[in-house]
Structure formats: C-alpha cells, structure tokens
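Visitor: I would like a close look at a single part of this model, starting from its side-chain contacts and then working outward to what is built around it. Please take your time and give the cut-offs as you go.

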Amino acid sequence: MTTIGLVSDTHFPRFGLALPRALEDGLRAAKVSRILHMGDFTDPLAIGLFEAIAPFDAVAGNNDPAEIWSRFGRQKTVTVDGVRIGLVHGDAGRRNAHENAINAFAGEPLDVILYGHSHQPRVEQRGAVLVANPGSPTDRRMMPAFSYGLLTIRDGVPAIALHTYASRDPR
C-alpha cells in the first residue's frame, strides 16, 4: 500500500513559519511516501518544510508568486502505482472550486482529481473519478477545524481519508 499526504492553502508566512504539530505528526505517523500540495503556498517557505518529511510535488495557486508558478506549474497529472492523479488549485473557472477542478480535467482519463482554493475539505466519487480537496492545514476560514488528507493506493484502488485537528500550533 502507498500513502500520500495531501495539503493545500498553507498561506505561509501569514499563518505560520512552521507546520502545525498535528499535521507533521500525522504525515510522519502515516509514513507518507510523498506529499502533494494543491497551491496557495504564498511563499516558498512551506516547500522545504514538506520536503523534510517526504518527496514533494505541487501546483501553484492564484496567490502564489512567479517562482512557485515556474517551479510547479498550474496544473499537472502524476501517476503513482498506476493511478492517474490530476492536481489543480481550482480557482480558474466560473464555478466553485470543486466544479472548476473537474472541468479543468474534462476528457482526461484520470482516477483522482485533487484541488484546493476553497479551504473546504471534501471527498466525492464522481463516476469513476475520486475528487477531493484536503482543506487547509493552517487557515480553516469558516470550517470547524484545520485539515489535510491521506490518499492510499492499494492494488491500484485509490481511497482518501480526511484528517482534522483543532490547533495549528507548531512543535
């Protein structure tokens, strides 16, 4: 089984200079083999913090500087254990982030679509595609808790579990 950490909308340094304890402990306890970030870092600071835990990949969000756009791009597809995963921030389009993300990959043969932007954790099976937003580990906005996700792949079948916590305090 492969386990991948899912995060979005860290908005550093506005919401911290270190990862929340619950997030870092959760990713380490899950023994993630990689971490995927769906944009809105707002500063490269978060990149090194995640890379210290596991190999890292991402897409840029609408609030990210040019260096993050250049490094990661705005949309991509990665394949892990035969599972095709689309990453996008979800801000581009006329609808909500969930529908924007789905529309961004229209016609592409994917197993999973991951997005951010709304800070609202959500997992939905849309036909054959698992669509998810891990929420934000640092900026819960109107949500009751901070959140991140874990994507597991077992025998080519993806599943996503959302994890929440009450405090964004670092170590």
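Guide: The side chains of His89 and Asp40 are joined by a polar contact of 3.2 Å, a term that stands for a pair of N or O atoms within 3.5 Å, where within protein one must be able to donate a hydrogen and the other to accept it, and residues adjacent in sequence count only if both atoms are side-chain atoms. The side chain of His89 also makes a polar contact with the side chain of His117, again given as 3.2 Å. This is a predicted model, in which local features need pLDDT of at least 70 and side-chain atom pairs count only at pLDDT 80 or more, while totals for chains, interfaces and linings use all residues. Residues are numbered from 1 along each chain as its sequence is written, and side-chain values use heavy atoms, with hydrogens and water left out.

His89 is buried, with a relative accessible area of 0%; buried means under 20%, exposed over 50% and partly exposed in between, with a 1.4 Å probe and protein chains only. His89 belongs to the loop between strand S5 (83–88) and helix H4 (97–104), where helices (H or I, at least four residues) and strands (E, at least two) are DSSP runs numbered from the N terminus.

At the helix end of that loop, Asn96 caps the N-terminal end of H4, with a side-chain oxygen 3.1 Å from the backbone nitrogen of His98. Six of the eight residues of H4 are buried, so this helix is largely enclosed by the rest of the structure. The buried residues of H4 are Ala97, His98, Glu99, Asn100, Ala101 and Ile102, and what covers them includes S5, S6, S7 and S8.

Those strands belong to an open sheet of five strands, in the order S4-S5-S6-S8-S7 and with mixed pairing; two strands pair if DSSP finds at least two bridges between them. Its edges are strand S4 (75–80) and strand S7 (122–126), each of which pairs on one side only. Neighbouring strands of this sheet are turned by 20° against each other on average, direction ignored. H4 packs on the sheet and touches S4, S5, S6, S7 and S8, while its direction makes about 45° with that of S7; contact here means heavy atoms within 4.5 Å, and axes are lines fitted to C-alpha atoms, for helices over the stretch in contact, with angles running from 0 to 180 degrees between N-to-C directions.

Within the sheet, strand S6 (residues 112–114) and strand S8 (residues 129–133) pair in the parallel sense over three bridges, and Val112 stands opposite Leu130 in S8. S4 and S5, in turn, run antiparallel and are joined by six bridges, with Lys76 opposite Leu87 in S5. In a regular strand the side chains alternate between the two faces of the sheet. Along S4, Lys76, Val78 and Val80 point to one face and are buried, whereas Gln75, Thr77 and Thr79 point to the other and are not. S4 and S5 form a hairpin with two residues between them, and Asp81 in the turn has a positive phi of about 50°. Asp81 is partly exposed, with a relative accessible area of 49%.

Beyond this region, the largest nonpolar core has 22 residues, and those with the most contacts inside it are Leu23, Leu27, Ile35, Phe41, Phe50 and Phe56; such a core is a set of buried Ala, Val, Leu, Ile, Met, Phe, Trp, Tyr and Cys residues joined through side-chain atoms within 4.5 Å. Helix H1 (21–29), helix H2 (45–51), strand S3 (56–58), helix H3 (66–72) and strand S9 (146–154) each supply at least two residues of this core. Apart from it lies another core, of 17 residues, among them Val59, Val78, Val83 and Ile85. Val78 in that second core is one of the residues of S4 that point to its buried face.

S9, one of the contributors to the largest core, is joined by nine bridges to strand S10 (residues 157–165), the two running antiparallel, with Phe146 standing opposite Tyr165 in S10. S9 and S10 also form a hairpin with two residues between them, and Asp155 in its turn has a positive phi of about 55°.
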